[in-house]
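Student: I should like to learn how to read the features of a protein model. Could you guide me through one, step by step?

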Amino acid sequence: MKIAKQLRDSNIAEYLLYMWQLEDTLRAYGCDAERLAAEYVTRFDLTSDERRRETQWLSDLCTMMREEGVTERGHLQMNRGTLSMLTDLHLQLLASTKHPFYSAAYYKALPFIVELRAKSGQTNRAELETCFEALYGTMLLRMQKRPVSAATQEAVGHISHLLAMLADAWKKDKAGELEL
């Protein structure tokens with residue numbers, strides 16, 4: 001909960017990736033709040049009050065996952081909503097003449113996005129979702145110490161740059177500092 005809040009405030013792209021990872025962690029524990037409390041939350045250096053709040057938050061997320069039917073795959077509505085808001089901002093930035101560097105980063109990443117969508121067979125998937133899936137998949141490969149091809153690294157580099165710019169714009173927008 002604490003990490004999620006910090007990331008949401010500092011970098012919305014990292015927050016979304018963290019939340020996707022947390023969804024997978026909850027799935028690995030079978031969305032069982034008792035197991036999470038005993039086997040997962042105890043790994044962290046938390047006060048008893050922090051441990052109680054963290055356990056309750058994870059339990060609430062498990063409940064939401066069950067209610068939304070995403071215990072096997074998919075993402076919580078709140079995470080899909082975050083992606084949707086990011087997509088709205090992305091489209092606004094592309095339409096604005098005040099953000100040519102963002103548009104340039106997008107057009108550098110676009111061929112990789114199109115290729116990734118074609119390879120996945122998900123050509124109707126939103127572009128930003130494809131971007132986040134590429135980063136998340138690469139993160140999982142690295143965690144498993146599996147090789148990441150040079151082509152994938154190049155694609156992820158362009159996509160990461162685009163999402164970093166989007167996250168920065170998000171932060172400025174939330175602070176009322178973004179001109180569109």
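Tutor: We shall take helices, cysteines, aromatic rings and charged side chains in turn. Please keep in mind that this is a predicted model.

Student: Let us begin with a helix. How many residues does helix α8 have, and how far does α8 reach?

Tutor: Helix α8 covers residues 150–174, which makes 25 residues. From the first C-alpha to the last, α8 reaches 36 Å, close to the 36 Å expected at 1.5 Å a residue.

Student: Which residues of α8 are buried?

Tutor: The general idea comes first. An α-helix has 3.6 residues a turn, so residues three or four places apart point the same way. Now consider the case here: the buried residues of α8 are Ala155, Val156, Ile159, Leu162, Leu163, Leu166, Ala167, Ala169 and Trp170.

Student: What covers the buried residues of α8?

Tutor: The cover includes four other helices: α2 (12–28), α5 (77–95), α6 (100–120) and α7 (127–143).

Student: Which residue with a positive phi follows α8?

Tutor: That residue is Gly176, with a phi near 75 degrees.

Student: I turn to the cysteines. How many disulfides does the structure hold?

Tutor: The structure holds zero disulfides. Cys31, for instance, is in no disulfide, and the nearest cysteine sulfur, that of Cys62, is 4.1 Å away.

Student: Why do Cys62 and Cys31 not form a bond?

Tutor: A disulfide requires the two sulfur atoms to be within 2.5 Å. The sulfur of Cys62 is 4.1 Å from that of Cys31, and is therefore too far for a bond.

Student: Are these two cysteines buried or exposed?

Tutor: Cys31 is buried, with a relative accessible area of 7%. Cys62 also counts as buried, at 0% relative accessibility.

Student: Next, the aromatic rings. How is a pair of aromatic rings described?

Tutor: One gives the distance of the centres and the angle of the planes. In this structure the count comes to five aromatic pairs. One of them joins Tyr29 and Tyr40: the centres are 5.8 Å apart and the planes meet at 55 degrees, a tilted pair.

Student: Where in the chain do Tyr29 and Tyr40 lie?

Tutor: Tyr29 is in the loop between α2 and α3 (33–40), while Tyr40 is in helix α3. The two residues are 11 apart, and their pair links distant parts of the chain. Both Tyr29 and Tyr40 are buried.

Student: Which residues form an aromatic cluster?

Tutor: Trp20, Phe132 and Tyr136 form one aromatic cluster.

Student: Which charged residues sit over a ring?

Tutor: Two cases may be noted. The charged end of Arg8 sits over the ring of Tyr15, 5.1 Å from its centre. Lys174 lies over the face of Trp170, at 4.4 Å from the ring centre. Trp170 was named earlier among the buried residues of α8.

Student: Finally, the salt bridges. How many salt bridges are found in the whole structure?

Tutor: Side chains of opposite charge can pair when their charged atoms come close. A search of the whole structure finds 11 salt bridges. In one of them, Arg117 meets Glu127, at 3.8 Å from N to O. This pair links distant parts of the chain, with Arg117 in helix α6 and Glu127 in helix α7, 10 residues apart.

Student: Are Arg117 and Glu127 buried or exposed?

Tutor: Arg117 is buried, with a relative accessible area of 15%, whereas Glu127 is partly exposed, at 23%.

Student: What else is Arg117 in contact with?

Tutor: Leaving aside neighbours within four places in sequence, the contacts of Arg117 include Gln122, Thr123, Asn124, Arg125 and Thr130, in addition to Glu127. Arg125 has a salt bridge with Glu133, at 2.7 Å from N to O. Glu133 counts as partly exposed, at 29% relative accessibility.

Student: Which residues form a salt bridge within helix α8?

Tutor: Asp168 and Lys172 do so, with their closest N and O atoms 3.3 Å apart. They lie four residues apart in α8, about one turn of the helix. Asp168 is partly exposed, with a relative accessible area of 38%, and Lys172 is also partly exposed, at 35%.

Student: Which residues are linked in a network of salt bridges?

Tutor: Asp49, Arg52 and Arg53 are linked in such a network.

How values were computed: Residues are numbered from 1 along each chain as its sequence is written. This is a predicted model: local features need pLDDT of at least 70, side-chain atom pairs count only at pLDDT 80 or more; totals for chains, interfaces and linings use all residues. Side-chain values use heavy atoms; hydrogens and water are left out. The expected span of a helix is 1.5 Å times one less than its number of residues. Buried means under 20% relative accessible area, exposed over 50%, partly exposed in between (1.4 Å probe, protein chains only). Contact means heavy atoms within 4.5 Å. Rings of Phe, Tyr and Trp (its six-membered ring) pair if their centres lie within 6.5 Å; planes under 30 degrees apart count as stacked, over 60 as edge-to-face and the rest as tilted. A charge sits over a ring if NZ of Lys or CZ of Arg is within 6 Å of the ring centre and within 35 degrees of the ring normal. A salt bridge is a side-chain nitrogen of Lys or Arg within 4 Å of a carboxyl oxygen of Asp or Glu.
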